[in-house]
Amino acid sequence: MKRSRPSIAPASPRPRLTMYGSDFSALYAISDIHGCASAFRAARRLIARDAQGYPGRKLVVLLGDYVDRGPASRDVLELLTQPISEEIEDIALCGNHDDQLVKMVRGDLPIDAWLEFAGSATLTSFGIDVENVLKRVGLKGLHHVVRETIPTAYISRLEALPVSLQIDNLLFVHAGVRPGVALASQTDNDLMWIREPFLEDGPQLPIFVIHGHTPGITVNIGNARLGIDTAAVATGKLTVLRIVGTKFSTIQASN
């Protein structure tokens, strides 16, 4: 069933980061983990091994959507608090599913609208029997259980995530950008939700966009963009993009 995008008031703008490629010998990117903790662990191990071949600083950029769909959102959120290794830095960006979870817990998005959008897999990973709770105490009671059960530290971390990272002419972002619109004029919702016309037209800006959000069986190369969401929940494959200088390559981790 196709899920619609909930109608919500815009939140405060999220941070947007800028760094320099010359500071890193290798960059890695992963997107749309969606509760696939075992594949995420495998990807972290692959990166740790691969990064040993590059001296100096290495950076992993996570492109968002850590929760929903898969069976282990709680484990993924916990892994986000743990460094891959002492030699590897990481930056987690916000995806639309992460943003919606925050809004639901904070009370800015009705829980019934959230359930229609996201399903109950994330709550199940925290030990919440959604159907049983709804029968006993209804939607208001379910929201109370959610707020009491999901650790505040996880929600605070998701709430503080930046929405983009620019490294030289590379823009890392969850979904994409509005074509031809200056980055300063893009809203957080643009960067976390957009599909068309971005997928067809590309950014129409002097940047190359690395993004997720739109799943495919393999990485998707478009006009000045590269989509790396390979539908880990459905395919069991979590793609890791490696960038060394101007060379792009991929490695994969499996559930």
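Is Phe248 buried, partly exposed or exposed, and what relative accessibility does this residue have? In the predicted model described here, Phe248 has a relative accessibility of 36% and therefore counts as partly exposed. Its aromatic partner, Phe208, is likewise assigned to the partly exposed class, with a relative accessible area of 23%.

The structure contains three aromatic pairs. One of them joins Phe208 and Phe248 in an edge-to-face arrangement, in which the ring centres are separated by 5.8 Å and the planes are inclined at 70 degrees. This pair connects distant parts of the chain, since Phe208 belongs to strand S7 (residues 208-211) and Phe248 to strand S11 (residues 247-254), with the two positions 40 residues apart in sequence numbering. Aromatic rings are also met by charged groups: the charged end of Arg44 is placed over the ring of Phe40, at 5.6 Å from the ring centre, while the charged end of Arg225 lies over the ring of Phe198, at 5.9 Å from the centre of that ring.

The mean pLDDT of the protein is 94, and 95% of the residues reach 70 or more. Over residues 1-10, however, the pLDDT falls below 50, although this stretch has 18 contacts in the model beyond near neighbours in sequence.

Turning to the interior, the largest nonpolar core comprises 65 residues, and those with the most contacts inside it are Ile30, Phe40, Tyr66, Leu101, Leu123, Leu142 and Val146. Helix H1 (residues 37-51) makes the greatest contribution to this core, supplying seven residues. A second core, separate from the largest one, has 18 residues, among them Leu27, Leu59, Leu226 and Leu241. In soluble globular proteins, nonpolar side chains tend to be buried together.

Leu101, one of the residues with the most contacts inside the largest core, is also among the buried residues of helix H3. When residues up to four places away in sequence are not counted, Leu101 touches Val67, Trp114, Thr122, Ile150, Ile155 and Leu158. Helix H3 (residues 96-106) as a whole is mostly covered, with 10 of its 11 residues buried; the buried residues include charged or polar side chains by name, such as Asn96, Asp98, Asp99, Gln100 and Lys103, together with Val102, Met104 and Val105. The packing partners of these buried residues are helix H4 (111-118), helix H5 (121-125), H6, helix H7 (152-159) and helix H8 (188-193). Just after H3, Gly107 adopts a positive phi of about 95 degrees.

Helix H6 (residues 130-149) contains Glu131, which counts as exposed because its relative accessibility is 53%. Glu131 and Ser120 are 11 residues apart in sequence, and their C-alpha atoms are 9.1 Å apart in space.

With regard to cysteines, the structure holds zero disulfides. For Cys36, the closest cysteine sulfur is that of Cys94, at 18 Å, and this distance is too far for a bond; since a disulfide requires sulfur atoms within 2.5 Å, the separation explains why Cys36 and Cys94 are not joined. Both residues are nevertheless classed as buried, Cys36 with a relative accessible area of 4% and Cys94 with a relative accessibility of 0%.

Notes:
Residues are numbered from 1 along each chain as its sequence is written. This is a predicted model: local features need pLDDT of at least 70, side-chain atom pairs count only at pLDDT 80 or more; totals for chains, interfaces and linings use all residues. Side-chain values use heavy atoms; hydrogens and water are left out. Rings of Phe, Tyr and Trp (its six-membered ring) pair if their centres lie within 6.5 Å; planes under 30 degrees apart count as stacked, over 60 as edge-to-face and the rest as tilted. Helices (H or I, at least four residues) and strands (E, at least two) are DSSP runs, numbered from the N terminus. Buried means under 20% relative accessible area, exposed over 50%, partly exposed in between (1.4 Å probe, protein chains only). A charge sits over a ring if NZ of Lys or CZ of Arg is within 6 Å of the ring centre and within 35 degrees of the ring normal. pLDDT is the predictor's confidence in each residue, from 0 to 100. Contact means heavy atoms within 4.5 Å. A nonpolar core is a set of buried Ala, Val, Leu, Ile, Met, Phe, Trp, Tyr and Cys residues joined through side-chain atoms within 4.5 Å.
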